[in-house]
Amino acid sequence: MTVHRTEQTTPHGIDPRGPRVAAGITAVVLLVVVGLALAGSELAALIVLAAQAVVFAIGAFAGVRRHPYGLLYRALIRPRLKPPIEVEDPRPPTFAQGVGLVVVAAGLILHLLGVPFALPAAAGAAFIAAFLNAVFDYCLGCQLYLLLTRAKLIKAA
């Protein structure tokens, strides 16, 4: 959901490059989780996935402007780039963080309940979504947000 205005005229929009960078970092973290879990380092995979769940929770509840990876983007990468041509509504990426949180939380809970391969399966599913966003600029959680708002199942502010 891109808004065709400059960031100076729309203070509520976000630079769409930020969520893509955050998705790239997330994809790497989730790939590490899958690798650790499949290599037999389940405790390490559990810790890393729990840390990623915290990152998702911050993005979902505090908003993408306070997302740790977004803060890294704004501090280290954005100053070296030109201002964005377009800005994006922050609600769909924020919703997507909540979807990521639900997926990895389910994997963590199922793993703790003893379900085999729950940890790498959840990390793998979240990795696919993060990869699609980072590489192809296709945010599954954002698309779900738009679908649910069009169906009037969630209210757009």
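R91 is partly exposed, because its relative accessible area is 30%, and in this predicted model its side chain meets that of D89 in a salt bridge with an N to O distance of 2.5 Å. The partner, D89, counts as buried, because a relative accessible area of 9% falls under the 20% cut-off. The points below take up the salt bridges, the nonpolar core, a buried glutamine, the nonpolar surface patch, a threonine in helix α6 and two residues with positive phi.

**Salt bridges**

- The count of salt bridges comes to 4, and the setting is a general one, in that side chains of opposite charge can pair when their charged atoms come close.
- R17 forms a salt bridge with D15, with the closest N and O atoms 2.8 Å apart, and D15, R17 and R78 are linked in a network of salt bridges.
- Within the R17 and D15 pair, R17 is partly exposed because its relative accessible area is 26%, whereas D15 is buried because its relative accessible area is 5%.
- R20 forms a salt bridge with D137, the closest N and O atoms being 3.9 Å apart, and this pair links distant parts of the chain, since R20 belongs to helix α1 (residues 17-38) and D137 to the loop between α5 and α6, 117 residues apart.
- The relative accessible area of R20 is 29%, so this residue counts as partly exposed, and D137 is likewise partly exposed because its value is 47%.

**The largest nonpolar core**

- In soluble globular proteins, nonpolar side chains tend to be buried together.
- The largest nonpolar core here has 17 residues, and those that touch the most other members are L30, L49, V104, L108, L119 and A123.
- Helices α1, α2 (42-61), α4 (91-112) and α5 each supply at least two residues of this core.
- For V104, once neighbours within four places in sequence are left aside, the residues in contact are L30, L49, A53, F56, A122 and A126.

**A buried glutamine in helix α2**

- Q52 lies in helix α2 and counts as buried, because its relative accessibility is 1%.
- The side chain of Q52 makes a polar contact with the side chain of Y69, at a distance of 2.9 Å.
- Apart from neighbours within four places in sequence, Q52 is in contact with T26, V29, L30 and Y69, and one of these, L30, is also among the core residues that touch the most other members.

**The nonpolar surface patch**

- F131, V135, F136, Y138 and L140 form a nonpolar patch on the surface, and together these residues have about 470 Å² of accessible area.
- Helix α5 (residues 118-136) gives the most to this patch, contributing 3 residues.
- Another member of the patch, L140, is found in helix α6 (residues 140-150), and L140 counts as partly exposed because its relative accessibility is 38%.

**T149 in helix α6**

- T149 also has its place in helix α6, but it counts as buried, because its relative accessibility is 17% and the cut-off for buried residues is under 20%.
- A polar atom of the T149 side chain lies 2.9 Å from the backbone oxygen of L146.
- Beyond its neighbours within four places in sequence, T149 is in contact with I154 and A156.

**Positive phi outside glycine**

- As background for the next two residues, most residues other than glycine have a negative phi.
- F117, in the loop between α4 and α5, has a positive phi near 65° although it is a residue other than glycine, and it counts as exposed because its relative accessibility is 62%.
- K152, in the segment after α6, is not a glycine either and has a positive phi of about 60°, and its relative accessibility of 71% is why it counts as exposed.

How values were computed: Residues are numbered from 1 along each chain as its sequence is written. This is a predicted model: local features need pLDDT of at least 70, side-chain atom pairs count only at pLDDT 80 or more; totals for chains, interfaces and linings use all residues. Side-chain values use heavy atoms; hydrogens and water are left out. Patches are made of residues with over 30% relative accessible area and no salt bridge: like charges are joined within 9 Å, nonpolar side chains (Val, Leu, Ile, Met, Phe, Trp, Tyr) within 5 Å. Accessible areas come from the Shrake-Rupley method with a 1.4 Å probe; for residues, only the protein chains shown count as cover. Helices (H or I, at least four residues) and strands (E, at least two) are DSSP runs, numbered from the N terminus. Buried means under 20% relative accessible area, exposed over 50%, partly exposed in between (1.4 Å probe, protein chains only). A polar contact is a pair of N or O atoms within 3.5 Å; within protein, one must be able to donate a hydrogen and the other to accept it, and residues adjacent in sequence count only if both atoms are side-chain atoms. Contact means heavy atoms within 4.5 Å. A nonpolar core is a set of buried Ala, Val, Leu, Ile, Met, Phe, Trp, Tyr and Cys residues joined through side-chain atoms within 4.5 Å.
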